[in-house]
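Trainee: I'd like a close look at one loop of this protein and at how its residues sit among their neighbours. Please start there and then carry on outwards, in words that a first-year student can follow.

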Amino acid sequence: MADNTQKIGDLSIFPLSLGGNVFGWTANEAESFRVLDAYVAAGGNFIDTADVYSAWVPGNEGGESETILGNWFASRGNRSDIVLATKVGGGVPEPRGLTSSAIKSGVEESLQRLRTDYIDLYYTHYDDPSVSVEEIITTLDELVREGKVREIAASNVGADRLEAQLTFSTRENLARYVALQPHYNLVSRDTFEGELSEVAARHDLATIPYYSLASGFLTGKYRPGTAVDSPRSTGAAKHLETERGQKVLAALDDVAANHRTEPATVALAWLLAQPTVVAPLASASSTDQLPALLASIDLKLTQPELDLLTSASD
């Protein structure tokens with residue numbers, strides 16, 4: 001695999017971020033360790049989680065993913081080799097919010113579960129319009145100055161609020177977002193393209209799309225008349241009911257056949273070819289799901305192939 005290292009602020013990252021949302025959900029601790037070990041063995045170093053993963057599972061309270069990662073760091077002794085991203089401000093069923101006290105308590109709890117004294121990339125998980133831009137950024141800046149966080153980033157935020165936060169950081173010479181994590185994939189483009197993508201480009205933000213494979217739909221395993229046993233099947237299968245979804249699948253099949261690869265590989269390679277995108281985010285519940293994800297890094301699509309995929313997803 002070629003050296004395709006990307007930069008997010010001062011962080012050097014592998015161009016595929018491994019999602020930790022499945023740890024403690026569809027992957028228990030032992031399977032999570034196997035996936036993490038295989039990802040690292042392939043050269044990966046960029047792992048993404050959140051303080052609320054996986055609170056939606058009956059019996060869970062949130063923090064299960066961070067706890068598994070903390071146990072993995074402790075057993076492998078490799079914390080310094082990993083670029084670790086986590087988030088604050090989400091919540092199930094109610095969001096935690098982004099008040100100064102919520103952020104400060106959130107980071108302490110995450111550090112404890114992750115068994116580390118710093119977080120490389122710290123996201124505001126969901127914007128909290130009830131809290132001023134000034135309070136959010138000032139609090140995050142404190143965490144950076146204290147050494148608890150190396151870089152800050154945003155997810156699920158509108159273009160106007162993101163612009164205001166970046167402007168405030170620059171004006172006051174405070175910590176500034178270096179990355180954005182939007183919902184973005186071949187069947188969900190308007191969740192990023194447009195005003196939000198323009199802000200990212202204008203401020204040189206690295207983009208790390210989530211739902212990169214549309215809850216598994218873009219892997220190609222969801223087909224008309226085919227039942228898939230997966231906790232994500234409802235969300236993924238809905239795309240089969242749309243003309244766009246069917247056109248995208250057909251285009252993915254064509255391009256995948258050209259390269260003798262998997263639809264998931266092509267879908268991630270399309271994302272990697274988009275402006276500002278440095279590392280799509282994808283998760284794996286087992287090691288056999290990893291090769292198709294990792295192969296996207298070395299797959300260079302031709303301009304006609306990119307055009308075909310983009311046209312199918314319009």
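Mentor: Let's begin with a word we'll need throughout: two residues are in contact when heavy atoms of theirs lie within 4.5 Å. Please also keep in mind that this is a predicted model.

Your loop is the one between strand 9 (206–207) and helix 7 (233–237), and G216 is in it. If we set aside residues up to four places away in sequence, G216 touches K221, Y222 and A236. Is G216 buried or exposed? Its relative accessibility is 10%, and the cut-off for buried is under 20%, so G216 counts as buried. For a distance to check on screen, try S230: this residue is 14 residues from G216 along the chain, and their C-alpha atoms are separated by 9.3 Å.

A214 belongs to that loop between strand 9 and helix 7 too. With a relative accessibility of 5%, A214 counts as buried. Look at its backbone as well, where phi is near 50°, a positive value in a residue other than glycine. Why point this out? Most residues other than glycine have a negative phi.

You can find another positive phi in the loop between helix 5 and strand 8, where N173 is placed. N173 is a residue other than glycine, and its phi is near 55°. Is N173 buried or exposed? At 69% relative accessibility, N173 counts as exposed, whereas A214 counts as buried.

From N173, step back to helix 5 (residues 159–172) and its partner helix 4 (residues 133–145). Two packed helices are described by the angle between their axes and the distance between the axes. For helix 4 and helix 5, the axes come within 10 Å and cross at roughly 55°. The two helices are therefore oblique to each other, and their crossing is right-handed. On the helix 4 side, the contact is made by V133, E134, I136, I137 and T138, and on the helix 5 side by R161, A164, Q165, F168 and S169. Sorted by type, the residues of this contact are 5 nonpolar, 3 polar and 2 charged.

Stay with helix 4 a little longer. Its buried residues are V133, I136, I137, T139, L140, D141 and L143. To read that list, recall that an α-helix has 3.6 residues a turn, so residues three or four places apart point the same way. What covers the buried residues of helix 4? The cover includes helix 3 (100–114), strand 6 (119–124), strand 7 (149–155), helix 5 and strand 8 (177–181). From its first C-alpha to its last, this 13-residue helix reaches 18 Å, close to the 18 Å expected at 1.5 Å a residue. Just after helix 4, G147 takes a positive phi of about 85°.

Strand 7, part of that cover, holds R150. At 40% relative accessibility, R150 counts as partly exposed. Leaving aside neighbours within four places in sequence, R150 is in contact with D10, L11, Y118, I119, D120 and V144. R150 and G9 are 141 residues apart along the chain, yet 9.2 Å separates their C-alpha atoms.

Now compare helix 2 (residues 64–76). At 1.5 Å a residue, its 13 residues should span 18 Å, and its end C-alpha atoms are 18 Å apart, so the two values agree. Buried in helix 2 are E64, S65, E66, I68, L69, G70, W72 and F73. They pack against helix 1 (29–41), strand 4 (46–48), strand 5 (83–88) and helix 3. Just after helix 2 comes G77, with a positive phi of about 65°.

In the loop between strand 4 and helix 2 you will find S54. The bond joining Y53 to S54 is a cis peptide bond, with omega about 0°. Most peptide bonds are trans.

For a last stop, try a second helix pair. Helix 8 (residues 243–259) and helix 9 (residues 263–272) have axes that come within 8 Å and cross at roughly 100°. That makes helix 8 roughly perpendicular to helix 9. L252, D253, V255 and A256 of helix 8 meet P263, V266 and A267 of helix 9 in this contact. The residues here divide into 6 nonpolar, no polar and 1 charged.

Notes:
Residues numbered from 1 in each chain as written. Predicted model: local features only at pLDDT ≥ 70, side-chain atom pairs only at ≥ 80, totals over all residues. Heavy atoms only, no water. Helix = DSSP H or I, 4+ residues; strand = E, 2+ residues; numbered from the N terminus. Buried < 20%, exposed > 50% of the residue type's maximum accessible area, 1.4 Å probe, protein only. Axes fitted to C-alpha atoms, helices over the stretch in contact; angles between N-to-C directions. Parallel < 35°, antiparallel > 145°, perpendicular 65-115°, else oblique. Left-handed = near helix turned anticlockwise from the far one by under 90°. Nonpolar A, V, L, I, M, F, W, Y, C, P; charged D, E, K, R; others polar. Expected span 1.5 Å × (residues − 1).
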